[in-house]
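Visitor: I would like to know how the terms used for this structure are justified. Please take me through them one at a time.

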Amino acid sequence: MTNTTEVRPTAGTTPQERGGVSGVIARHPLASFFTLALGLSWLAWIPYILSPHGMGVWDLHFPEVLGSAQFTGVLPGALLGPLGGAFIVTAVADGRPGLRRWVGRLFRWRVAWYWYALALVVVPAVIVASALPFAGGDVRAPSALAVAMLVPGLVIQLFSTGLSEEPGWRDFALPRLQHRFEGSEPPRSSVRSGRSGTCRST
């Protein structure tokens with residue numbers, strides 16, 4: 001169940017012929033993406049970290065959504081990082097054709113339906129089974145409110161964490177890393193992508 005994407009060369013002017021910042025981005029798309037993904041995210045998060053919601057050294061308040069200021073304080077940085085970095089590098093390195101391919105991959109179903117069934121049924125079942133030894137025999141079904149909030153929670157997760165993370169790390173960086181380290185064992189592409197995401201999130 002590998003995620004493979006054809007990495008096409010830039011049409012028109014070759015990266016070697018370009019000058020300035022756009023030339024650097026075109027010649028080093030992965031390094032440019034990782035720099036933007038980390039830099040833009042942390043740059044946008046600094047006000048939230050310094051605000052009363054974080055360290056409390058800057059009297060800057062973020063509006064609360066659903067009882068938390070994380071949506072307005074954290075989500076902008078999450079969207080600016082991997083998503084914004086992938087958009088900028090793709091636009092500079094591959095132009096409009098590259099952007100169309102990148103956006104088109106976001107709506108492509110890559111796996112069979114049973115993998116989605118596995119994620120929706122088997123994974124929760126394993127979580128429940130692993131918690132049973134620690135429940136002391138007191139096993140209860142979730143409340144109706146908890147079940148009703150599951151779908152809205154998944155939708156929020158899809159358009160927050162999913163939209164901010166996956167188009168950058170998996171749809172942009174991972175295919176290029178796979179192309180660069182094709183045939184390497186262990187899969188160094190996944191390791192490097194995971195390390196970069198960890199540096200951004202910690």
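**Terms and their grounds**

Guide: The chain holds 7 helices and 0 strands. The model is a predicted one.

Visitor: What makes the order of elements in the chain, read from the N terminus?

Guide: The elements run α-α-α-α-α-α-α.

Visitor: Why are H3 and H6 called oblique to each other?

Guide: The axes of helix H3 (residues 70-106) and helix H6 (residues 150-180) cross at roughly 45° and come within 8 Å. Angles under 35 degrees count as roughly parallel, and 65 to 115 as roughly perpendicular. The crossing of H3 and H6 fits neither class, so the two helices are oblique. H3 passes H6 in a left-handed crossing.

Visitor: Which kinds of residue form the contact of H3 with H6?

Guide: The residues of that contact divide into 15 nonpolar, 4 polar and 5 charged.

Visitor: Why does Thr90 count as buried?

Guide: Thr90 is found in helix H3. Its relative accessibility is 2%. Buried means under 20%, so Thr90 counts as buried.

Visitor: Which residues is Thr90 in contact with, leaving aside neighbours within four places in sequence?

Guide: Thr90 is in contact with Gly95, Gly98, Leu99, Trp102 and Phe172.

Visitor: How much of the chain is buried?

Guide: Of the 202 residues in the chain, 29% are buried. The chain exposes about 13,300 Å², and carbon and sulfur atoms supply 67% of that area. Among contacts between residues at least 6 apart in sequence, 64% join residues at least 24 apart.

Conventions
Residues numbered from 1 in each chain as written. Predicted model: local features only at pLDDT ≥ 70, side-chain atom pairs only at ≥ 80, totals over all residues. Heavy atoms only, no water. Helix = DSSP H or I, 4+ residues; strand = E, 2+ residues; numbered from the N terminus. Buried < 20%, exposed > 50% of the residue type's maximum accessible area, 1.4 Å probe, protein only. Contact = heavy atoms within 4.5 Å. Areas by Shrake-Rupley, 256 points an atom, 1.4 Å probe, with all protein chains shown as cover. Axes fitted to C-alpha atoms, helices over the stretch in contact; angles between N-to-C directions. Parallel < 35°, antiparallel > 145°, perpendicular 65-115°, else oblique. Left-handed = near helix turned anticlockwise from the far one by under 90°. Nonpolar A, V, L, I, M, F, W, Y, C, P; charged D, E, K, R; others polar.
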